[in-house]
Amino acid sequence: QVQLVESGGGLVQAGGSLRLSCAASGRTLYTMGWFRQAPGKERDFVAAINWSGGSTVYADSVKGRFTISRDNAKNTVYLQMNSLKPEDTAVYYCASKGGFITIPTTSWGSWGQGTQVTVSS
């Protein structure tokens, strides 16, 4: 089992940047992903990276603005978020799974507690 702890959320103005971190403990060489959930909406896929870092997938809404990366020596996954928009406001969750990158939330096994990102206009 993997334990995940997110950090790095906060309040930022539109156009600004934030970097989220997800520290993993336990078995850690898993595919890792970021999801987000805005109030009253479903939890949506944002980005994912395979265990080696050689493969990444992004939601269309964040392509070119967000970058997912990982440092396996530190058991940490990052989400660099640039050119933030008010519609990026949400609770951001880190997740892990075995095997290949998939998008449906139901295919991800472990979740962090989430970190709030608020983008003001």
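1. Where in the chain does L84 lie? In this predicted model, L84 belongs to the loop between β8 and β9, and despite that placement in a loop the residue is buried, with a relative accessible area of 2%. Leaving aside its neighbours within four places in sequence, L84 is in contact with V12, A14, G15, G16, S17, L18, R65, F66 and V119. One of these contacts, S17, is 67 residues away from L84 along the chain, yet the C-alpha atoms of the two residues are separated by 6.2 Å.

2. The loop that holds L84 is also the place of S83, which has a positive phi, near 50 degrees, although S83 is a residue other than glycine. Most residues other than glycine have a negative phi. Whereas L84 is buried at 2% relative accessible area, S83 is partly exposed, with a value of 41%.

3. A second residue with a backbone angle of this kind is N75, which is not a glycine and has a positive phi of about 50 degrees. N75 is found in the loop between β7 and β8, and its relative accessible area of 30% makes it partly exposed. A colleague inspecting the backbone may wish to look at N75 and S83 together.

4. As for the overall fold, the secondary structure of the chain comes to 11 strands and 0 helices, so that reading along the sequence gives the pattern β-β-β-β-β-β-β-β-β-β-β. The radius of gyration is 13 Å, close to the 14 Å that the globule rule gives for 121 residues, and the chain is therefore as compact as a globular protein of that length. Along its principal axes, the C-alpha trace spans about 40 × 30 × 25 Å.

5. Among contacts with a separation of 6 or more, 58% join residues that are 24 or more positions apart. The pair L84 and S17, at 67 residues apart, has already been mentioned, and L20 and V117 offer another example, being 97 residues apart in sequence and 9.3 Å apart in space, C-alpha to C-alpha.

6. Buried residues make up 45% of the 121 residues in the chain. In soluble globular proteins, nonpolar side chains tend to be buried together. Here the largest nonpolar core has 33 residues, of which W34, L79, M81 and Y92 touch the most other members. The elements giving two or more residues to this core are β1 (2-7), β3 (18-26), β4 (31-37), β5 (44-49), β7 (66-71), β8 (76-81), β9 (90-97) and β11 (115-120), and β5 gives the most, with 5 residues.

7. Which residues surround Y92, leaving aside its neighbours within four places in sequence? Y92 is in contact with E6, L20, W34, F35, R36, V46, F66, L79, M81, G114, T115 and V117, and this list includes W34, L79 and M81, which are named with Y92 among the core residues that touch the most other members.

8. L20 lies in strand β3 and counts as buried, at 0% relative accessibility. Apart from its neighbours within four places in sequence, L20 is in contact with S7, G8, G9, W34, V77, Y78, L79, M81, Y92, T115 and V117.

9. At the surface, the chain exposes about 6100 Å², of which carbon and sulfur atoms supply 50%. The chain has 11 positive and 7 negative side chains, and the centres of these two sets lie 6 Å apart.

Definitions and conventions: Residues numbered from 1 in each chain as written. Predicted model: local features only at pLDDT ≥ 70, side-chain atom pairs only at ≥ 80, totals over all residues. Heavy atoms only, no water. Helix = DSSP H or I, 4+ residues; strand = E, 2+ residues; numbered from the N terminus. Rg over C-alpha atoms; globule rule 2.2 N^0.38 Å. Buried < 20%, exposed > 50% of the residue type's maximum accessible area, 1.4 Å probe, protein only. Contact = heavy atoms within 4.5 Å. Areas by Shrake-Rupley, 256 points an atom, 1.4 Å probe, with all protein chains shown as cover. Lys, Arg positive; Asp, Glu negative; His and termini not counted. Charge placed at Lys NZ, Arg CZ, Asp CG, Glu CD. Core = buried A, V, L, I, M, F, W, Y, C linked by side-chain atoms within 4.5 Å.
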